[in-house]
Amino acid sequence: MTSLDLAFLLVTHGFDATPADGFVVVVTGNATYMLVPNGDRPGLADLSTNTTITTDANPI
């Protein structure tokens, strides 16, 4: 599975996923995740997190 394949899979399941050079960035709430596809290895991806708080330009 490539990063484009993984991003497509995540987007079709309602996630905000963007493919990048060899990985996928997923933003949910205040967390940003970086997923690196596993290719032929078991599982879909290796996951790392970045919990920096994002600010919304249009708060409710």
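A nonpolar core is a set of buried Ala, Val, Leu, Ile, Met, Phe, Trp, Tyr and Cys residues joined through side-chain atoms within 4.5 Å. Buried means under 20% relative accessible area, exposed over 50%, and partly exposed in between (1.4 Å probe, protein chains only). The model is predicted: local features need pLDDT of at least 70, side-chain atom pairs count only at pLDDT 80 or more, and totals for chains, interfaces and linings use all residues. Residues are numbered from 1 along each chain as its sequence is written, and side-chain values use heavy atoms, with hydrogens and water left out.

**Exercise 1. The core**

Task: List the residues of the largest nonpolar core, and state which elements give two or more residues to this core.

Solution:
- Step 1. The largest nonpolar core has 7 residues: L6, A7, L10, A17, V24, V26 and L35.
- Step 2. Two or more residues come from each of α1 (3-12) and β2 (24-28). Helices (H or I, at least four residues) and strands (E, at least two) are DSSP runs, numbered from the N terminus.
- Step 3. α1 gives the largest share, 3 residues.
- Step 4. Now take V24. Its contacts (heavy atoms within 4.5 Å) include L6, A7, L10, A17 and L35, not counting residues up to four places away in sequence. S3, T18, P19, Y33 and M34 also touch V24, under that same exclusion.

**Exercise 2. The faces of α1**

Task: Find the buried residues of α1 and say how they are arranged around the axis.

Solution:
- Step 1. S3, L6, A7 and L10 are the buried residues of α1.
- Step 2. Viewed down the axis of α1, these residues fall within an arc of 100°, so they line one face of the helix. The arc is taken from the directions that run from the helix axis to the C-beta atoms.
- Step 3. The general rule: an α-helix has 3.6 residues a turn, so residues three or four places apart point the same way.
- Step 4. Turn to the face away from the buried side. It carries the exposed residues L4 and F8.

**Exercise 3. The end of α1**

Task: Identify the polar contacts of T12, and the residue with a positive phi just after α1.

Solution:
- Step 1. T12 lies in α1.
- Step 2. A polar atom of the T12 side chain lies 2.7 Å from the backbone oxygen of L9. A polar contact is a pair of N or O atoms within 3.5 Å; within protein, one must be able to donate a hydrogen and the other to accept it, and residues adjacent in sequence count only if both atoms are side-chain atoms.
- Step 3. The side chains of T12 and H13 are joined by a polar contact of 3.4 Å.
- Step 4. Just after α1, G14 has a positive phi of about 90°.

**Exercise 4. The hairpin**

Task: Describe how β2 and β3 pair.

Solution:
- Step 1. β2 and β3 (residues 31-37) pair in the antiparallel sense over 5 bridges. Strands pair if DSSP finds at least two bridges between them.
- Step 2. V24 stands opposite L35 in β3.
- Step 3. The hairpin has 2 residues between the strands, and G29 takes a positive phi near 60°.

**Exercise 5. Around N38**

Task: Place N38, then locate the salt bridge in the structure.

Solution:
- Step 1. N38 sits in the loop between β3 and β4 (45-50). N38 counts as buried, at 10% relative accessibility.
- Step 2. The N38 side chain reaches the backbone oxygen of P42 at 3.1 Å.
- Step 3. N38 also touches G43, L44, A45 and D46, not counting residues up to four places away in sequence.
- Step 4. The whole structure has 1 salt bridge, meaning a side-chain nitrogen of Lys or Arg within 4 Å of a carboxyl oxygen of Asp or Glu. D46 and R41 form a salt bridge at 3.1 Å, N to O.
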